[in-house]
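I opened this model to look up a few strands, a helix pair and one tyrosine, and I am writing down what I found in the order in which I looked.

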Amino acid sequence: MPITLPQFVAKWKSNERPEESASKAQFLDICRLVEHPQPAESDPTGVYFTFEKRVDKVAGGKGFADVWLRDHFAWEYKSEGKDLNAAYQQLLQYRESLGNPPLLVVCDLNRFQVHTNFDRTQKRIYSFNLDELQKNVVTVTCPIPPLEVLRALFFDCDSLRPEKTAARLTEDAARLFRSEEHTSELQSLRH
């Protein structure tokens, strides 16, 4: 059953559970929010979409990625307020074992950071929190509305490729300019 954006934000803003007991529940709610099948529904065997994907670390040893969707993302949760950069560094240790996914996501149940990991592109980070997700508008740290970023993780990760978003920003600016120009023309005709 889908969950609305206001329901999702309200639920997770009031969360008091630690990462260990809340992260899977939040991820399942994200699947519901963007209307994507959950890991066990989409991939009952856990071959390409799963929680706790066992990995080999680049520096040696074993680890687990919290969530992984082949050719889309690896996702690492941390407790609220924890250092998301440490979570990102952890994903960097896992990414080769996970097939080098194009997006690396870190989250503390309130803050989300989507790091691009596309070959031969400049890195970009889409960063937003639950309040910004609720507003769902472009910000300085997220040049695409946050809900669109979450949807892109599942359905169109290539749309988050840095050169794609730069082109989109140019198109949006041109559209806005044309709209303002059109509004000015209408106002001058009225006078």
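The entries below go from the strands to the helix contact and then to a single side chain.

**Entry 1: strand β4 and its surroundings.** I note at the outset that the model is a predicted one. I began with strand β4, which covers residues 103-107, and found it mostly covered, with five of its five residues buried. I then looked up which way the side chains point: L103, V105 and C107 go one way from β4, while L104 and V106 go the other way, and all of them are buried.

**Entry 2: the parallel neighbour.** I next followed the pairing of β4 with strand β3, residues 73-77, and found that the two run parallel and are joined by five bridges. Along this pair, C107 of β4 has Y77 standing opposite. I also looked up how the chain gets from one strand to the other, and recorded that β3, helix α4 (residues 84-94) and β4 form a β-α-β unit of right-handed sense.

**Entry 3: the antiparallel neighbour.** I then turned to strand β5, residues 111-116, which pairs with β4 in the antiparallel sense over five bridges. Here C107 came up again, since its bridge partner in β5 is F112. The hairpin of β4 and β5 has three residues between the strands, and I noted that L109 takes a positive phi near 80 degrees there.

**Entry 4: helices α2 and α6.** I asked myself at what angle the axes of α2 and α6 cross. For α2 (residues 19-34) and α6 (residues 146-155), the axes come within 10 Å and cross at roughly 95 degrees. An angle of 65 to 115 degrees counts as roughly perpendicular, and α2 and α6 are therefore roughly perpendicular to each other. I listed the residues that make the contact as F27, I30, C31, L33 and V34 from α2, and L147, L150, R151, F154 and F155 from α6. When I sorted the residues of this contact by type, they divided into nine nonpolar, no polar and one charged.

**Entry 5: Y94.** Finally I looked up Y94, which has its place in helix α4, and wanted to know whether Y94 counts as buried or exposed. The cut-off for buried is under 20% relative accessible area, so Y94, at 4% relative accessibility, counts as buried. Leaving out residues up to four places away in sequence, I found that Y94 touches V55, K57, G63, F64, A65 and E76. For V55, I also noted that 39 residues separate it from Y94 in sequence, whereas the C-alpha to C-alpha distance is 6.2 Å.

Methods. Residues numbered from 1 in each chain as written. Predicted model: local features only at pLDDT ≥ 70, side-chain atom pairs only at ≥ 80, totals over all residues. Heavy atoms only, no water. Buried < 20%, exposed > 50% of the residue type's maximum accessible area, 1.4 Å probe, protein only. Helix = DSSP H or I, 4+ residues; strand = E, 2+ residues; numbered from the N terminus. Pairing = 2+ DSSP bridges. Right-handed = clockwise from strand over helix to strand, strands pointing away. Axes fitted to C-alpha atoms, helices over the stretch in contact; angles between N-to-C directions. Parallel < 35°, antiparallel > 145°, perpendicular 65-115°, else oblique. Contact = heavy atoms within 4.5 Å. Nonpolar A, V, L, I, M, F, W, Y, C, P; charged D, E, K, R; others polar.
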